[in-house]
Amino acid sequence: MKDLIKRLAEEYGPSGSEGKVTEIIKQEIAPYVDEVKFDKLGSLIAVKKGAGAKVMLAAHADEIGLIITHIDKDGFLRFDTVGGVAIFRLTGMRVVFKDGLIGVINAEKGDPATAGVDKLFIDIGVSSKEEAESKVSVGDFAVFRQDCVDLGNRIVAKAFDDRIGCAVLIETAKRLKNSPNEVHFVFTVQEELGLRGATASAYSVDPDIGIAVDVTRTGDTPESPTMDVSLGKGPAIKVKDSGIVANPKVRDLLVKIAKEQNIPYQFEVLIGGATDASSIERTRGGVPSGVISIPTRYVHSPSEMVDMNDVENSIKLLTSVLEKDLRSEGF
Ligand code: CO
Ligand code: ZN
């Protein structure tokens, strides 16, 4: 599974260009489901048919990135951010474009730690605008270029937000034998720009219950902001973030099943941020929705860290939920 996680995390997939990622997911999940389709915005929907409650699971395929806004006469690229990229992290970073072109980010004179994005540029190793334009154009997207590294129990990569959630959904589909429910595994697009793909796919799936699987930050590093979630202490069951108060029925179901299965869990109250569950919840007449969050250090940095025990326990929790007859649980 670490191999699949590595492939997913290293793949290129900024918001709006998730095709390479969803193609990997399609290949992986197809043998384990009854139907695989793309919706009109590009989200991948894999369905395990069943007569019971309709469940929508969501993990987003996109990642934060950059977009080229201007190419100057010497071939330096100016850019804007796509999603919540922290500008102070960018100086010195390498980025990669869809076709594999690599660039390095640097800053004009002044303090790069406080520079705005307008003071930063990408150098792709050319010496003129013409040469640059033979390789790249305004409107091209780039993402961090980072290897996934295995530190043992903990692994580090770019884009664990939310490729780790994608891996959890794929692995759940592989392990789920008999579910009385109809399960829609949805790999959404453009989450980082405001839950856009999930908004459309939730409407078409029309589920009885929604569960997003995404990352959440932790409070277990030196002098970190207060956050009662730690790496390695189990999946976090969301109570609230800035986009949702998790539906109590869904939250309580997750807690009940974690207890039944002896799966460690933590409660998550996230001060800023939201997940696809917020848009699932508000589709049509409303859908009871909740979130299983994978504790992740350094979210939205080029080096996000997760603990494999949390990943494993998230799969166990999700699989156990789907094995229940959710109609008789009130959905
Ligand atoms: Co994110
Ligand atoms: Zn996310």
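On a 1 Å grid over the protein atoms alone, a cavity is a set of points where a 1.4 Å probe fits but cannot get out, while a pocket is an open set with protein on both sides within 12 Å along at least five of seven lines; the lining residues of either have an atom within 4 Å of a point. Before we use these terms, note that this is a predicted model, in which local features need pLDDT of at least 70 and side-chain atom pairs count only at pLDDT 80 or more, whereas totals for chains, interfaces and linings use all residues. Residues are numbered from 1 along each chain as its sequence is written, chains are lettered from A and ligands numbered from 1 in the order in which they are written, and side-chain values use heavy atoms, with hydrogens and water left out.

Let us begin with the overall layout. The domain assignment, which is automatic or from a database, splits the chain into domain 1 (2-63 + 158-323) and domain 2 (65-144). Their C-alpha centres lie 31 Å apart. Where the domains touch (heavy atoms within 4.5 Å), domain 1 brings 13 residues and domain 2 brings 13 residues.

How much area is buried between domain 1 and domain 2? The figure is about 1,200 Å², with carbon and sulfur atoms giving 67% of it; buried area here is the accessible area (1.4 Å probe) that two parts lose on being put together, summed over both. On the domain 1 side, Tyr-12, His-300 and Pro-302 lose the most area to domain 2, together 44% of what that side buries. A salt bridge (a side-chain nitrogen of Lys or Arg within 4 Å of a carboxyl oxygen of Asp or Glu) is not found across this interface.

Elsewhere there are plenty to look for: the whole structure has 22 salt bridges. One of them pairs Arg-7 with Asp-3 at 3.9 Å, N to O. Both residues sit in helix α1 (residues 2-10), four residues apart, or about one turn of the helix. Helices here are DSSP runs (H or I, at least four residues), as are strands (E, at least two), numbered from the N terminus.

Now for the empty spaces. There is one cavity of 30 Å³ or more, and the largest cavity has a volume of about 50 Å³, where volume is the space filled by probe spheres set on grid points joined across faces, edges and corners. Its lining includes Glu-63, Phe-144, Asp-161 and His-300. Asp-161 is also joined to Asp-162 by a cis peptide bond, with omega about 10 degrees, and Asp-162 belongs to helix α4 (residues 160-175).

The largest pocket holds about 260 Å³ of space. Of its 18 lining residues, Leu-270, Gly-272, Gly-273, Ala-274 and Val-299 lie nearest the centre, while strand β13 (residues 209-216) gives the most to the lining, with three residues.
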